[in-house]
Amino acid sequence: MYAYDKYDQAMVDARVAEFRDQTRRRIEGSLSEEKFRPLRLQNGLYLQLHAYMLRVAVPYGTLSSAQMHVLGDIADKYDRGYGHFTTRQNIQYNWIKLDETPDILAELAKVEMHAIQTSGNCIRNISSDQYAGASPEELIDPRPYAELMRQWSSFHPEFLALPRKFKICVIASETDRAAMRLHDIGIRIVKNDAGEIGASFYVGGGMGRTPFIAPLLNAFVPLDQLITYAEAALRVYNRYGRRDNKYKARIKILVHELGLEEYKRQVEEEFAHLQSQDIEPPLAELERIKAHFADPAFEAGLSDDLDLSNPGFARWVRANTAPHKVPGYAIATISLKPAGGIPGDASADQIREMAALAKAYSLDELRVTHAQNIVLPHVKKADLFALWQRLDAAGLATANLDAITDIIACPGLDYCSLANARSIPLAQKISSRFTDNGKEEALGELKLKISGCINACGHHHAGHIGILGVDRKGVENYQLLLGGSEGADTSLGQITGPGFSEDGVVDAIDRVTDLYLNQREEGERFLDTYRRLGMAPFKEVIYG
Amino acid sequence: MADPQFLFRDEAASAPAVPLSAFGEDTNATAVRIEPADDARALLPHLDRLSLVEVSFPAFTDGRGFSSARILREAGYTGELRATGDIGVDMLTHLRRVGFDAIAPATQLDAAEAETAFNTWPEVYQATVVDGRKPIWALRHGL
Ligand code: HEM
Ligand code: SF4
């Protein structure tokens, strides 16, 4: 894992001091709320319906056990004993007081954490693959590139007042577990025909009210030009991104309106100019960062044997573990989606227990996933049973990874001032229904995502089944979408037709999943059957 | 024209700045004002006769002026580069980093607060080049 040196620590400490001063000026009144707003946002502090929400960055989703432990303590000390893991691999606290925020940031800084640029119109926390450094199929660990970009994007003076927020994701495997092409810039680390490592840049993806899948901007940017190229891409966006309408301000709209070719031409022109400016860190810096991500001390020669005689354990292993690059190890996902629970929530005790489990069983590391779960990336197969027993005791052993109950949901009307409808209670209802009727396991992989309004924080466009909360004459109403996906086969869901009440939408999902179970062919997931049959038969069972 | 509250060069230019649109015709002008939507690159052929470029920030949330400033400095402009308009204390350090050497906020800023703000960052992560500061990566590798 990356560890701060004196420079990184000094930068984060300086940020805490800066924010403490800004908060003081706000409370004393010399700083107006209008002027303070962008400043607090760039420190992750949102004003929600009832209180402030603080979003703490988890760069590329990677955490140490000690860091996770502090996240649990903060939930106890400053919140109501809960934390909420988000779709951008961060953690949010929903009941925060402004005057305590500088102290929270200071406690975070002690364990090399921060809330820098987790909100606001700037380059946000950079996300990555939660299996990075553990998966057998990745080309290379993507996190050093993400860390290089984290440092470049932190307090970048030219890009702190962009037209809109800017999200970057870096992955390095064929399987996309991070919705890379739904980011403003998605980067896939690749190898070219000459065997050199470089970066493919995708640009202009995003969700919100006008979802776009990012097209390829440049298939191969050499590693010693990565920062210069990103800087060129951002400069063109800062110059031309729309500022007249915040709903048209994301780079996806610019790329769409300008056309990819013209945007690319401008980026290339800016890139050619910036190459003369010496802004690129030397490759030695990348090597320095890479050294931090060297493999932890894996044991060699471990057996892959696993005693699966306990059916509950066997089910959990089947659902929640993935192959590891080292023999005798597995990647284990801890589901934060218990039947009837709030997706992504964990109690302070659960957070500390996960920290302890990472220490005992996962070489001190954890990951946050964009599906709002936690990963223990390096677990010895021989330890899986003991791990599962402790998870079970902590209410964390739900065996439903990628199942219909592994729901992504935004905060919705319970917390969010922009919401049209509640997301959380609906997620709880669906989770209970499909656990109780036993269909969850039969359905296999089925990604269900809920947003409480068109801003799409819950990724409803990218759900195999998506649900969008709308306002119909003052009444909460839900639209149903089918056929979205965020993986290597990214696609956007289509609306089935007229919306539903809360119970109505749960019934409709029951019917479409029944159709799938009746019609599926060997090996087909819900998404595959939908793609083969098309919308018509699904519409028929819903409305017919 | 606003006088700079903060000046990081020997003296402030005194010529009145004309808008970019008028600048094209008025070939004798030595001072020009650019708005957020103006393309600073239009000035590149004329840098040697300019002694002042005023970059206006009508709203502090519009960051185009940061790019404009850096582009001018990158092209070798050495005259006064003045930020004007809706400028708060918390922007000061960033304005310096992109090459402004004169800052004229529409509303005077508290001197003590400004002093703190200019000294926010002990070091910097990026090479903007135009502020002459060595980034952290250069310090790490003795460059
Ligand atoms: C409760 C307070 C929240 C508010 C007011 C809020 C507001 C918004 C808005 C306005 C957008 C649309 C941005 C655009 O398209 O330009 C958006 C998008 C998004 N938000 Fe939130 N959000 C909130 C909470 C969350 C949470 C808790 C998460 C994570 C679980 C989240 C994740 C996202 C994501 C992933 C997007 C989509 C970004 C994209 O379009 O690419 N938001 N949010
Ligand atoms: S999707 Fe809408 S309701 Fe949900 S968190 Fe985002 S802005 Fe709020």
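A polar contact here is a pair of N or O atoms within 3.5 Å. I kept that cut-off at hand while going through this predicted model.

**Entry 1: ligand 1**

I began with the side chain of A:R164. One of its N or O atoms is 3.3 Å from an oxygen atom of ligand 1. That distance falls within the 3.5 Å limit, so I logged a polar contact.

Next I checked the backbone. A:M207 places a backbone N or O atom 3.0 Å from an oxygen atom of ligand 1. A:G208 has a polar backbone atom 3.3 Å from an oxygen atom of the ligand.

Which residues come nearest to ligand 1? I listed A:Q48, A:Q92, A:K165, A:M207 and A:C457, out of 20 residues around it. A:M207 therefore appears in my notes twice, as one of the nearest residues and through its backbone atom at 3.0 Å.

I then sorted the shell of ligand 1 by class. I noted seven nonpolar, eight polar and five charged residues.

**Entry 2: ligand 2**

I moved on to ligand 2. Its surroundings include the cysteines A:C410, A:C416, A:C453 and A:C457. Also around it are A:P411, A:G412, A:L418, A:A419, A:S451, A:G452, A:N455 and A:A456.

How many residues of this shell are charged? I found no charged ones, with eight nonpolar and four polar. A:C457 is in the shell of ligand 2 and is also listed among the residues nearest to ligand 1.

**Entry 3: α13 and α15 in chain A**

I looked up a helix pair within chain A. Helix α13 spans residues 424–436, and helix α15 spans residues 502–519. Their axes lie 10 Å apart, at an angle of about 40 degrees. That angle makes α13(A) oblique to α15(A). I recorded the crossing as right-handed.

From α13(A), the contact uses A:L426, A:K429, A:I430, A:R433 and A:F434. From α15(A), I noted A:E502, A:D503, A:V505, A:V506, A:D507, A:I509, A:D510 and A:T513. By class, this contact has six nonpolar, one polar and six charged residues.

**Entry 4: α6 of chain A and α2 of chain B**

My last pair joins two chains. Helix α6 of chain A covers residues 226–240, and helix α2 of chain B covers residues 64–74. The axes come within 9 Å and cross at roughly 125 degrees. The two helices are therefore oblique to each other. I noted a left-handed crossing.

On the α6(A) side, I listed A:E231, A:R235, A:N238 and A:R239. On the α2(B) side are B:R64, B:S67, B:R70, B:I71 and B:E74. I counted one nonpolar, two polar and six charged residues in this contact.

Terms used
Residues numbered from 1 in each chain as written. Chains lettered and ligands numbered in written order. Predicted model: local features only at pLDDT ≥ 70, side-chain atom pairs only at ≥ 80, totals over all residues. Heavy atoms only, no water. Near = heavy atom within 4 Å. Polar contact = N/O pair within 3.5 Å; in protein donor to acceptor, adjacent residues only side chain to side chain. Nonpolar A, V, L, I, M, F, W, Y, C, P; charged D, E, K, R; others polar. Axes fitted to C-alpha atoms, helices over the stretch in contact; angles between N-to-C directions. Helix = DSSP H or I, 4+ residues; strand = E, 2+ residues; numbered from the N terminus. Parallel < 35°, antiparallel > 145°, perpendicular 65-115°, else oblique. Left-handed = near helix turned anticlockwise from the far one by under 90°. Contact = heavy atoms within 4.5 Å.
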